[in-house]
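Trainee: I have a model with two chains open on my screen. Can you teach me how to read it?

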Amino acid sequence: MPVYTLHVNGQEHQVDVDADTPMLWVLRDQLNLVGTKYGCGIAQCGACTIHMNGTAMRSCSLPISSVGDAKLTTIEGLSSDAKHPLQEAWREHDVPQCGYCQAGQLMSAASLLSNNKRPSDDEIDEAMNGNLCRCATYTRIKSAIKTASKNM
Amino acid sequence: MKDKHIENKSRRHFLKVTTAVGGGMLIGINWLGCQLDSVPEEVAKAMPNEWYSFDAFIKIGDTGLVTIMSPNPEIGQNVKTSMPMIIAEELDVAWKDVIVEQAPLNTEWYTRQVAGGSQSIRQGWEALRKAGASVRKMLLDTAIKQWECQAIDCTIKDGVISHSDGRTLGYGALANEASKMDVPEEVELKDAKDFQIIGKSQSNVDMEGILKGEPLFGLDYKEEGMVYALAIRPPAFGQILESFEADEAKAVSGVEDVFQFGDKIAIIANSTYPAIKAQRLVKATWKQKDSAEDTAYHSKTLLEHLDKKAKEPRRVDGDVQQALKDADEVLERTFEAPFLPHACMEPMNFFADVNEKEIRMVGPIQTPQWTQQRIADLLERPVEQVTIQMTRMGGGFGRRLYGDFALEAAEISSKINKPVKLTFTREDDMLAGTYRPASAYKFRAGIKDGELTAYHLTEACFNGQMFGQMPSNFPCGAIANYRVDCHNIESNITTGAWRAPYANFLAYAEQAFLDELAEKMGKDPVQFRLDLLAKAKNTPVGEAHNYEVEKMEGVIKKAAELVGWDTAAPNQHLGFCAYYSHNTYVAEVAEVVMEDDNPKVSKITCVVDCGIVINPTGAKNQVVGGILDGLGHAMYSDFKFIDGQSQSSNYHQYRLIRMPDVPEVDVHFIESNNDPTGLGEPTLPPAGGAVANAIYSATRQRLYKQPFVKEMEVLG
Ligand code: FES
Ligand code: FES
């Protein structure tokens, strides 16, 4: 099996897995970064969202062999002190219900705000359309994104 | 941190028994083995050197920090925050000084450790309050003894007891002495007007862990030496395993074994992905053992039953047949709904370590006690050897009532003699579900001289009788001739409770029918409901009905007032719905706007009477979640079977509500000092009815089947 060098949350890791292994399972099983969640495995739910060079990616559909030198960020590395404006806004709006989808929601929202500091309602809808929340916390997610956008 | 338990064994083994707690028992608890799993980032008080335990719910540290055990499984319904809030209220501590831990399974210590039926708060209310109040009294009595004073000299606030002469003693200083006292037999509970914590919004106690991606969920659980398992189950209902060939699967690097257990195949690997790869490579042959059902058969069978009388009707008032014959006009409508999977975001999974000494289970389960017993039975081991640790759950919605996944994990672990984590892929989760059964309702109403004189509801449902559970629901009691017939048809598809069982589909059917009936009778839909309620109050028919008229009227009137029902413009498309379920009264009004000739739900206004609201932010989250869940499934979610096989295997074939579909939701609670009722479910059932009625107002199309999108396509 090939050995891959990965850059995750500012740290370097060596991983020895098959080339087709999705990053989702590398993060969860090999690197013990279980904040990135499995929901569907086919890029339909967004629970596994991470950043690759700052852009939101569905890690379930990202084979390790395609990562190369890219810098990956997971929920554990979204901020060093859990004080990202989105995390603060999530506290303020008490967003989660079960909480399972929330890491993916936060990572999608963070990618949106890094490209577009003041997204409109429609732009938020579009960026977040790929993230399911079975508990349907959508109204709070949206409000929290708007709060974070104001505070950034 | 040192646990007092270590030095003070004799006391820990002393059982404190009292009848003070709802007839149950309070017993000294072993704190070892309990994990601190939600220490707030800035706990107000320093971490104690010593902890003193009082009862199964509370321990107090020498610094005054308090740990409260949350007894029930947390599936996102917020009980891990709201149940400890109730204890903290009566204990009179500041919420910021409280750490919450998930309690272990112990049904002698705790009452009803189940997540289901919206009953955690309702049934826990008194026991939780008494648990807090008992410990408060033990602390107060200790202070009184030390000060040689009277209770009347003392006041308590935020974990500090103050004497009228200015002396103070904190709970931390009193904890050691107080913990040696007997639990009082009688305690006084607070008056609702004195509540300091209840009724004030408190953030989710697991917020920090969720925001940082900490391992809170079953799927995140790992242990040294654990292997990963996936299973292959029959792809269709009615099939069993004939044979399989797994050479290619076994050759996948990381795969350790592939073997049969029961009618299933287990794949064991060193991590998840090799197991997923191998799962696709196993060549299994299945044979038909039982009938292969499909959706066309389901629909036909249900409809056939709707014209039959049940052998034993669920309720009969007057003579419906005669009244229908005598009626000037009869309105007859049929409503249909499909099977539905639960589609929890976290797929089913469980950790099991079955060894000679013990059976350790860790994972997401709504029914830990039942599952513990079933595992003991399955492995023929004494139940005392089975422990179940409850993790936070990525949703439940009823699916995690059925511990099939935990039993499978235990069986696999017992076969390989290793700790194992069994994971369902999303496909496994959707194809091997425990579905909400398909059902159909027929309503027949008779109108004579402008009055509603007959109401006949017939239900047909697979593997259970849904409405059979509550035939005395509204509009029972308001109509002279009323009858409910239920037909239960057997199916080999596994079925079970799905959020707001019984009501989740019926509420829409009934409330859409009432809307049409009101129209036929030339009445305003809101006034029509109020008139029926007035009849149920003033001249109730037959045996007692199960709802309180005043509460139902209360939510209806408030909702109508909030949306300006009586003054709505003709081009404002509103739909009304009111429903009582899970001990809670809810009225919802949907508003629909036309966008490119398509109806879009723009707003839902909701009024809830659930008694005292414990945690307003959590309560509102539940209410909105329930409404959007009801709206989403009524509008979008379709699920079919062909040859016994589900035709949706993942989210690309099963539509759930997403952010762009979400309307504005406006939530109001009726102010109340009544004991709290349930909130996890009751706002779901009315959503479909409100939306169907609003879509009718906008399009003049009545919707008789879920999901509505399919109907609207068909109707053009
Ligand atoms: S798990 Fe990757 S999008 Fe669902
Ligand atoms: S909070 Fe439960 S799935 Fe989003």
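Trainee: How many residue pairs are in polar contact between chain A and chain B?

Mentor: First, remember that this is a predicted model. A polar contact is a pair of N or O atoms within 3.5 Å. Between chain A and chain B the count is 29 residue pairs, with both residues at pLDDT 80 or more.

Trainee: Which helices of chain A supply at least two residues each to the side that touches chain B?

Mentor: Look for α1 (23–30), α2 (85–93), α3 (102–115), α4 (121–128) and α5 (138–151) of chain A. The largest share comes from α5(A), with 5 residues.

Trainee: What classes of residue make up that side of chain A?

Mentor: Sort the residues by class. The side of chain A that touches chain B has 25 nonpolar, 15 polar and 13 charged residues.

Trainee: How many salt bridges are there between chain A and chain B?

Mentor: Look for a side-chain nitrogen of Lys or Arg within 4 Å of a carboxyl oxygen of Asp or Glu. Between chain A and chain B the count is 6 salt bridges. Try one of them: B:Lys277 pairs with A:Asp20. Their closest N and O atoms are 3.1 Å apart.

Trainee: How many residues does each chain give to the contact?

Mentor: Chain A gives 53 residues, and chain B gives 61 residues. Now turn to area. Together, chain A and chain B bury about 4700 Å² between them. Carbon and sulfur atoms account for 57% of that.

Trainee: Now chain A alone. How many helices and strands does it have?

Mentor: Count 5 helices and 5 strands. Then read the order from the N terminus: β-β-α-β-β-β-α-α-α-α.

Trainee: Why is chain A called as compact as a globular protein of its length?

Mentor: Compare two numbers. The radius of gyration of chain A is 15 Å, close to the 15 Å that the globule rule gives for 152 residues, so chain A is as compact as a globular protein of that length. For its outline, picture a box of roughly 45 × 25 × 25 Å along the principal axes, filled by the C-alpha atoms of chain A.

Trainee: What domains does chain A have?

Mentor: The domain assignment gives domain 1 (3–78) and domain 2 (85–151). Over C-alpha atoms, 21 Å separate the centres of these two domains of chain A.

Trainee: How do I read the contact between them?

Mentor: Use the steps you used for the chains. In chain A, 18 residues of domain 1 are in contact with 13 residues of domain 2. The buried area between these domains is about 1200 Å², and carbon and sulfur atoms give 59% of it. The rule finds 0 salt bridges across this interface of chain A. For polar contact, the count between the two domains of chain A is 7 residue pairs, both residues at pLDDT 80 or more.

Trainee: Which elements give two or more residues to the domain 1 side in chain A?

Mentor: Those are β3 (49–52) and β4 (55–58) of chain A. The residues on that side divide into 7 nonpolar, 9 polar and 2 charged.

Trainee: And how is chain B divided into domains?

Mentor: Watch the ranges here. Chain B has domain 1 (2–212), domain 2 (218–289 + 348–423) and domain 3 (308–339 + 435–715). Contact between domain 1 and domain 2 of chain B takes 17 residues from domain 1 and 14 residues from domain 2. These two domains of chain B bury about 1200 Å² between them, 58% of it on carbon and sulfur atoms.

Trainee: Which residues in domain 1 of chain B lose the most area to domain 2 of chain B?

Mentor: They are B:Glu74, B:Ile75 and B:Leu105. Together they make up 45% of what that side buries.

Trainee: How many salt bridges lie between domain 1 and domain 2 of chain B?

Mentor: The count is 1 salt bridge. Find B:Asp206 and B:Arg392, which form a salt bridge with their closest N and O atoms 2.9 Å apart.

Trainee: Where should I look for a cis peptide bond?

Mentor: Check omega. A cis peptide bond joins B:Phe474 and B:Pro475, with omega about 5°. B:Pro475 sits in the loop between β20 (451–462) and β21 (481–489) of chain B. Another cis peptide bond joins B:Gln706 and B:Pro707, where omega is about 0°. B:Pro707 is in the loop between α18 (684–699) and α19 (708–715) of chain B.

Trainee: What is phi of A:Asn9?

Mentor: Phi of A:Asn9 is near 50°, a positive value in a residue other than glycine. Find A:Asn9 in the loop between β1 (3–8) and β2 (11–16) of chain A.

Definitions and conventions: Residues are numbered from 1 along each chain as its sequence is written. Chains are lettered from A and ligands numbered from 1 in the order in which they are written. This is a predicted model: local features need pLDDT of at least 70, side-chain atom pairs count only at pLDDT 80 or more; totals for chains, interfaces and linings use all residues. Side-chain values use heavy atoms; hydrogens and water are left out. Contact means heavy atoms within 4.5 Å. Buried area is the accessible area (1.4 Å probe) that two parts lose on being put together, summed over both. A polar contact is a pair of N or O atoms within 3.5 Å; within protein, one must be able to donate a hydrogen and the other to accept it, and residues adjacent in sequence count only if both atoms are side-chain atoms. Helices (H or I, at least four residues) and strands (E, at least two) are DSSP runs, numbered from the N terminus. Ala, Val, Leu, Ile, Met, Phe, Trp, Tyr, Cys and Pro count as nonpolar, Asp, Glu, Lys and Arg as charged, and the others, Gly among them, as polar. Domain bounds come from an automatic or database domain assignment. The radius of gyration is taken over C-alpha atoms; the globule rule is 2.2 Å times the number of residues to the power 0.38.
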